[in-house]
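The following questions and answers concern a single protein model. Please examine the sequence and the structure before reading on.

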Amino acid sequence: GDRQVEGIACGNLGNAYHSLGETRRAVEMLDKGLAIAFESSDRVQQGRLFANLGAVYLTLGDYNRAIEVSKQGAAITLEVGNRVEAGRFLHNVAVCHEALEQAREGIEAAWAGLRNLQEAERSLGHGHDALRMSLFENCSSSYQQLQRLLFAIKEPRLALGVADMAKARGLAYLLDGEHMYGEESEEDPMVCAEREWARASEIVKEQGCTVIQYSYLSDTKLAVWVVS
């Protein structure tokens, strides 16, 4: 109806104000659009507006408010079965926790986001190349983020485990992007990272060699492990 059209218009205006740097006006319009979306019980539009509102709060550096709206958005998108957007919301939650130097909370959010992104990727059928590539890039960013957060809590071994998981996933993508995963696992991802570290250590021990491994943590940070 007319109110839904008005709500969509408010969202579009909010995005326009954000792109122009008028963040206060952007928040006002997005909040108005959200109120209308809740009034009409439009869960999909609510999710979109929470995503846009979270982006504005990230721009403002208001990380606590960004966490709040991103968690709300994640809950709504999961409710409507959109694991892709839920994973992206949770990634943003982890970004905020990292900025606030809350590494453990960031790790929890990052793992949750990564699981949603990977399950969305796993459920794709034949084709969907553009979405598959987008998800691959999202997951790669999450792996980098997890490594940074693990270094922040002084867990370089687990960070190396995550780096190995990311490399294995990247190789699987190149070889056969549509069959990258087996069945979904509920195993604690920290256990997975620890297992990858143990596997790498065992190979080094058996071969009696020294292994040097590199991993990009961001555009400006490089991690180097020497395992002997």
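Q: How many nonpolar, polar and charged residues are in the lining of the second largest pocket?
A: This is a predicted model, and the second largest pocket in it holds about 200 Å³ of space. Its lining comprises 13 residues, with Gln147, Ala163, Ala166, Lys167 and Ser215 the closest to the centre. Sorted by class, the lining has 6 nonpolar, 5 polar and 2 charged residues.

Q: Which elements give two or more residues to the lining of the second largest pocket?
A: Two helices and one strand meet this criterion. The elements are α7 (129-152), α8 (156-176) and β1 (211-216).

Q: Which residue in β2 stands opposite Gln213?
A: Strand β1 runs antiparallel to β2 (residues 222-227), and 6 bridges join the two. A hairpin of 5 residues connects β1 to β2. Within β2, the residue opposite Gln213 is Trp225.

Q: Why is the pair of Phe38 and Phe50 edge-to-face?
A: Phe38 belongs to helix α2 (residues 23-39) and Phe50 to helix α3 (residues 43-60), so the pair links parts of the chain 12 residues apart. The ring centres are 6.1 Å apart, and planes over 60 degrees apart count as edge-to-face. The pair is edge-to-face because its planes stand at 75°.

Q: Over which residues is the pLDDT below 50?
A: The protein averages a pLDDT of 85, and 89% of the residues score at least 70. Where pLDDT is low, the predicted coordinates should not be interpreted in detail. One stretch has 14 contacts in the model beyond near neighbours in sequence, yet its pLDDT is below 50: residues 178-183.

Technical notes: Residues numbered from 1 in each chain as written. Predicted model: local features only at pLDDT ≥ 70, side-chain atom pairs only at ≥ 80, totals over all residues. Heavy atoms only, no water. 1 Å grid on protein atoms, 1.4 Å probe; cavity = no way out; pocket = protein on both sides within 12 Å on 5 of 7 lines; lining within 4 Å. Points joined across faces, edges and corners; volume = space filled by probe spheres on them. Helix = DSSP H or I, 4+ residues; strand = E, 2+ residues; numbered from the N terminus. Nonpolar A, V, L, I, M, F, W, Y, C, P; charged D, E, K, R; others polar. Pairing = 2+ DSSP bridges. pLDDT = per-residue confidence, 0-100. Contact = heavy atoms within 4.5 Å. Phe/Tyr/Trp six-rings, centres within 6.5 Å; stacked < 30°, edge-to-face > 60°.
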